[in-house]
Amino acid sequence: MTSEQSKRPLARLVPGGARAARGKLRRRLSAAVRLVAALTLVGGLYTAYAPGVGRAEETVKLSDAAANGKAIYEVSCITCHGRNAQGVENRGPSLIGVGSAAVEFQVNTGRMPLARQEAQAERKQPQFNPDQAAELGAYIQELGGGPQLPSAESLDEQVKKAQGSDKILAHGGELYRVNCSSCHAFSTGGGALSSGKFAPSLKQSTNRDIYAAMLTGPQNMPVFGNNQLSPDDKAAIIAYIQDLNKNEAADPGGWALGRYGPVPEGLVIFLIGIAALVFATLWIAGKS
């Protein structure tokens, strides 16, 4: 076989192999183009919709009350509690989830805004009126949710109803002695705790103050949720406390001694009673 004849089969094979290689290359290029097109389509859809969701979340429309509360917050609260109420380390805690009840309690009792960090925030003259406190509470509520207070009218009506029933009032006294008297004293006068802290007096507290404190557990106080003390139980306790405060001047047992409990009573018995007995004994002995 000549060299020319030996080259003819190769000549027939090489073009066919080249066509197969080119076809395989075209299929790969086509698959790559389809993949790029699919990815582009998915990316375009994500770009079209995802930023819109983000913008919607960032621009959630607040109620009028919450919008007013936000304006107050950004002037008076943002330094310690952060731009989105997430808290600032060593300044103030997060307010996400505390609810409007906690905000209204702290603001209406003058504990917030806090002038300086101390062992405990004390009650003082409020810087905002109740309407402004409610607006602040509405903003925090819409921002992160949490416990809410009943309306002032319904709570006052519930407490008034409890005060009109001796049975409910007695039940409130029992609940108070079990759950509250160990810190706030039997006479609602408050008492000392550890590390410079104290349980405050309840003599100035309104119905909403007491209800909010039980619902949110400010500072050292435990939380009494509705599964622990029902709304009716809370109203009974409030009725008992307010009844004690109202009748402070009329003590059926005689001299109130500040209503601080058995300690001053024991001191009076010892200092006055025992001294009187000693002098009486000496007088009788002298006469005999």
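Colleague: Which residues form the nonpolar patch on the surface, and what is their accessible area together?
Modeller: This is a predicted model. The patch includes Val 263, Leu 267, Phe 270, Leu 271 and Ile 272. Leu 267 lies in helix 11, residues 262-287. Together the patch residues have an accessible area of about 1,100 Å².

Colleague: What pattern does the protein follow along the sequence?
Modeller: There are eleven helices and two strands. Read in sequence order, they give α-α-α-α-α-α-α-α-β-β-α-α-α.

Colleague: Is helix 4 mostly covered or uncovered, and how many of its residues are buried?
Modeller: Helix 4 spans residues 99-108 and is mostly covered. Its buried residues pack against helix 5 (130-144) and helix 9 (207-216). Among them are Ala 101, Glu 104 and Val 107. The buried count is nine of ten.

Colleague: Which residue forms a salt bridge with Arg 208?
Modeller: The closest N and O atoms of the pair are 3.0 Å apart. Arg 208 sits in helix 9 and its partner in helix 4, 104 residues apart. The partner counts as buried because its relative accessibility is 11%, under the 20% cut-off. It is Glu 104.

Colleague: Why does Leu 149 count as buried?
Modeller: Leu 149 is found in the loop between helix 5 and helix 6 (152-163). Beyond its neighbours within four places in sequence, Leu 149 is in contact with Ala 101, Glu 104, Arg 208, Tyr 211, Ala 212 and Leu 215. Buried means under 20% relative accessible area. Leu 149 counts as buried because its relative accessibility is 16%.

Colleague: How far apart are the C-alpha atoms of Leu 149 and Glu 104?
Modeller: Along the chain, Leu 149 and Glu 104 are 45 residues apart. The two residues are in contact. Their C-alpha atoms are separated by 8.9 Å.

Colleague: Which residue forms a salt bridge with Arg 123?
Modeller: The closest N and O atoms are 3.2 Å apart. Arg 123 lies in the loop between helix 4 and helix 5 and its partner in helix 9, so the pair ties together parts 86 residues apart in sequence. Arg 123 is partly exposed at 32% relative accessible area, whereas the partner is buried at 7%. That partner is Asp 209.

Colleague: With which residue does the side chain of Arg 116 meet in a salt bridge?
Modeller: The N to O distance is 3.0 Å. Arg 116 counts as exposed at 55% relative accessibility. Its partner is partly exposed at 41%. The partner is Glu 118.

Definitions and conventions:
Residues numbered from 1 in each chain as written. Predicted model: local features only at pLDDT ≥ 70, side-chain atom pairs only at ≥ 80, totals over all residues. Heavy atoms only, no water. Buried < 20%, exposed > 50% of the residue type's maximum accessible area, 1.4 Å probe, protein only. Helix = DSSP H or I, 4+ residues; strand = E, 2+ residues; numbered from the N terminus. Contact = heavy atoms within 4.5 Å. Patch = residues over 30% accessible without salt bridge, like charges linked within 9 Å, V, L, I, M, F, W, Y side chains within 5 Å. Areas by Shrake-Rupley, 256 points an atom, 1.4 Å probe, with all protein chains shown as cover. Salt bridge = Lys/Arg side-chain N within 4 Å of Asp/Glu carboxyl O.
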